[in-house]
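Colleague: I should like to go through the reasoning behind several assignments in this model. Please set each value against its criterion.

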Amino acid sequence: MPHALLVSGSLGQGHDVMAQACADTLRELGWTTSTVDAMALLGERSGAAGEAVFRRLLDLPGVYDAFHFSALRPGARIALLADAAARTRLVPALRKLVEAQRPQLVVSVFATATSAVNRLQEWGQGREFRHFVFCTDVTPHRLWVQEGTDLFLVTSEVAACAVRRYRPDADIAVVPAPLRRPFYRPPGRAEARGELAVPPDARCVLLMSGSWGLGPLARTAASLAAAGPHVLAVAGRNRELERRLRAAARCRPRLHPFGYTDRIPTLMAAADLVVTSSGDTCSEARALGRRLLLLDVVQGHGRDNLQHELELGHADVSSARPAEVVRNALAALKRPSPAPSPGATPEGWQSGFGAALRRVGLG
């Protein structure tokens, strides 16, 4: 059977979700797959340092914006040097994996992996595999788009234009955003609310902000629950945030706290409104027909993704300040919800990905 190697990255959960979607579809088409974490391949110390630096950049207002728009977007020298440093560590590790697994396809769903995989091809060690780059950002930055990639997978025409900014002759496939499987067949609202002890006629908000739980979510959840709606608040992998949410819930019966959970499809099905940061959660909410209130907490590429979601409609935006989130959420709850996204079907994604494979002779 043909084999695919998928290279993800553990900065947040979005990359892993996309890698899993590719792996699931490939296996349904008769492939075997393996997925590796580029941050782990950098080595324990370098990977941890890279994540710490990225988190610190996001914590400092405007700093990651400056780095993204002045360095990553144009491909400034500092960005290329950082990419080269990471590539030096990744290439030997990827070479061993390619030699051991002999994949026919390598899929990079993390920018740091892109140039390392292409370098293997430059050295003649990639003749036997094709290389896909899959980016769900609306404007992939310079490090995503490099010579040697066989096909770029994006989820919008805007993103395709961003790729052509750096490679006008790039081969690009626009595919539907893949969803985690449970979102294609979520429970009904009544079933979900019964499972979560949310009254059928109550207003209900799902509050989350990525796996890192960005922003003052604990204070926001408490304020929103005090204003009347039931609040399903998800901390993700942020243990301190989970502790604060559970403490706040002790005296607020309408606040329902969760840590890292695989029940997001149920939580979303129960909610009238999804309050979240810009990212893949937006596609999931649209698939279920839920209105969005977007928290402006992700700098850099998050700003572009947020603007794109607003353009798609049935979405509003708020700062992360609790009082403003409450005011915007209460207003959004009075607006009509959209119909479920008609393109959010497993067949749509599988068809698009299968067509991409055929374009490079792997169908």
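Colleague: Which residue in strand 4 does leucine 105 stand opposite?

Modeller: In this predicted model, leucine 105 stands opposite arginine 130 of strand 4.

Colleague: What makes strand 3 and strand 4 a pair?

Modeller: Pairing requires at least two bridges. Strand 3 (residues 105-108) and strand 4 (residues 130-134) are joined by 4 bridges in the parallel sense, so the criterion of at least two is met.

Colleague: What is the strand order of the open sheet, and why are strand 2 and strand 6 called edge strands?

Modeller: The 6 strands follow the order 2-1-3-4-5-6, with parallel pairing. Strand 2 (32-37) and strand 6 (172-174) each pair on one side only, and these are the edge strands. On average, neighbouring strands of the sheet are turned by 20° against each other, direction ignored.

Colleague: How does helix 6 run relative to strand 4?

Modeller: Helix 6 (residues 111-122) lies across strand 1 (3-8), strand 3 and strand 4, and its angle to strand 4 is about 170°. Angles over 145 degrees count as roughly antiparallel, so helix 6 and strand 4 are roughly antiparallel.

Colleague: Why are helix 9 and helix 14 called oblique to each other?

Modeller: Their axes cross at roughly 45° and come within 9 Å. That angle is neither under 35 degrees nor in the range 65 to 115 nor over 145; helix 9 and helix 14 are therefore oblique. Their crossing is right-handed. Arg219, Thr220, Ser223 and Leu224 of helix 9 make the contact with Pro322, Val325, Val326 and Ala329 of helix 14. These residues divide into 5 nonpolar, 2 polar and 1 charged.

How values were computed: Residues numbered from 1 in each chain as written. Predicted model: local features only at pLDDT ≥ 70, side-chain atom pairs only at ≥ 80, totals over all residues. Heavy atoms only, no water. Helix = DSSP H or I, 4+ residues; strand = E, 2+ residues; numbered from the N terminus. Axes fitted to C-alpha atoms, helices over the stretch in contact; angles between N-to-C directions. Contact = heavy atoms within 4.5 Å. Left-handed = near helix turned anticlockwise from the far one by under 90°. Nonpolar A, V, L, I, M, F, W, Y, C, P; charged D, E, K, R; others polar.
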